[in-house]
Amino acid sequence: MNTEQNPEIIAERIGRIGYLTLSKPKTLNALTLSMIRLLEQGLLQHEQDTAVEAIVIRSNSERAFCAGGDMKHIRSLSIDAAFEEIESFFSEEYALNLHIANCKKPYIALLDGVTMGGGIGLSVHGSHRVVTERALLAMPETRIGLFPDVGGSFFLPRLPNRAGWWLAMTAAPVRGAEAVMVGLATHYLASDNLPAMVEELENHTALSVTSIIDSHTTAGDAHKSNTVEFNNSDYSDTLAQRAKWFESDDIASIRQSLTKTIDAGDNGHMDAQHLRDLLDSASPWSLSMIQSLFARAAGQTLEACLANERTAAITAAQHPDFIEGVRAVLVDKDRNPSWS
C-alpha cells in the first residue's frame, strides 16, 4: 500500500474494494512514468489480495479523471534527446493498458470529469466504465501531432457507427452519456449517486459487482436516462449521420463527403462544418499515422496493436509535428501550430 503523505497514486483497500486513486489534481492527473509504475504496482497488489473482490480506479480531483499523458515532459525529453526515457514511458504505459485488459478481477473506472488520451487508456480496457454528466472524453492526439494510442488502434475501429474514426481524426469530444452511446463507456450515473454505488460495492456480499453497478446506473442504454441533459434521439441521428460521412478509410473521401453536405446545406451541415474544420486543423502526419495503424490493426489482438503503437509513438515523439503541436496546445497555448 502506498503510504506517502501526498502520493500521486493512492492504493488502498476499503471493504471489498481495492482502490487506485489518481491524486495529482494540479495537473489534471496527467500521467508521468512514476504514476504509471505506481498504478502497475497497485493493480498487481489488488489482484493478489484475496480480500479484494473488485478494483476501482478513480480520481480525487473535481475536474478530471485523467487528462492523458504528460506530453509537455515527453516533448522536453525529445528536445533533450532523452529517447530511452521516452521509450520507457510508452512501453510501461502500454504494458499497464494490457494488464488492465487482462485483469483477473472486475475493474471499474469512475469517470467524473475530463478523461482524455491516456486517461481513456486507464479505463476503456476495463470491464466496467461508469461516466457521469460531468465526464468529458476525447482522444485529442491529432491536435498535438501524435495519434490515438493506448490501444486506440484496437478499440477505436471496433466502436459502432464508425465513431472511432471521427473520434480519432477530429479529436471531437463526447460528454456524459454520449460516451455510452459511442461505446467508450458501459454505464451512466448521475454524479450525486456515485457515493451510494461505491458504498454498496465496498460492502456487497451476495450480489455480483455487475448486478450492483446495473442497479445504480443506466447500463449501455443511456438514452433512457431522465437525467441526461441533451436530446439523445437527436444524438442517435447525429451518430448515424457521422457514420455515413466517415464510412471511408480515406481522409480525402471523408473530407469530400463532409463538404458535399456543407455545400448542399443538408440536414446536419453545421455539424459537418464543425468536423471538417477540426479535420483541417489536425496534423496531416497524425492523420496519416491513424490510417496506417487502423489498417494494420484489422484482425490483430490488443497486444499486437500496442506493439505497433509503441514503435509508432517512439517515432512520433521525435517528429517536428509533435514538438510543434505540444508547443501550440500545452506550452505557449496559442493553438496555432505550424505543421511540417
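In this predicted model, 3 aromatic pairs are present. Among them is the pair formed by Phe89 and Phe90, which is edge-to-face, with 5.3 Å from centre to centre and 85° between the planes. Both Phe89 and Phe90 are buried, and ring pairs join these two residues with Tyr94 into a cluster.

A further pair is formed by Trp165 and Phe294, whose ring centres lie 4.8 Å apart and whose planes stand at 85°, so that this pair, too, is edge-to-face. Because Trp165 belongs to helix H6 and Phe294 to helix H13, the pair ties together parts that are 129 residues apart in sequence. Trp165 has a relative accessibility of 6% and therefore counts as buried, the limit for this class being under 20%; Phe294, at 6% relative accessibility, likewise counts as buried.

The two helices that carry these rings, H6 (residues 163-170) and H13 (residues 284-297), pack against each other with their axes 9 Å apart and at an angle of about 150°. Since angles over 145 degrees are classed as roughly antiparallel, H6 and H13 are therefore described as roughly antiparallel to each other, and their crossing is right-handed. On the side of H6, the contact is made by Gly164, Trp165, Ala168 and Met169, while H13 contributes Leu287, Ile290, Gln291 and Phe294. The residues of this contact comprise 6 nonpolar and 2 polar ones, with no charged residue. Trp165 and Phe294 thus appear both in the contact of the helices and in the edge-to-face ring pair.

Notes
Residues are numbered from 1 along each chain as its sequence is written. This is a predicted model: local features need pLDDT of at least 70, side-chain atom pairs count only at pLDDT 80 or more; totals for chains, interfaces and linings use all residues. Side-chain values use heavy atoms; hydrogens and water are left out. Axes are lines fitted to C-alpha atoms, for helices over the stretch in contact, and angles run from 0 to 180 degrees between N-to-C directions. Helices (H or I, at least four residues) and strands (E, at least two) are DSSP runs, numbered from the N terminus. Angles under 35 degrees count as roughly parallel, over 145 as roughly antiparallel, 65 to 115 as roughly perpendicular and the rest as oblique. A crossing is left-handed if the near helix is turned anticlockwise from the far one by less than a right angle, and right-handed if clockwise. Contact means heavy atoms within 4.5 Å. Ala, Val, Leu, Ile, Met, Phe, Trp, Tyr, Cys and Pro count as nonpolar, Asp, Glu, Lys and Arg as charged, and the others, Gly among them, as polar. Rings of Phe, Tyr and Trp (its six-membered ring) pair if their centres lie within 6.5 Å; planes under 30 degrees apart count as stacked, over 60 as edge-to-face and the rest as tilted. Buried means under 20% relative accessible area, exposed over 50%, partly exposed in between (1.4 Å probe, protein chains only).
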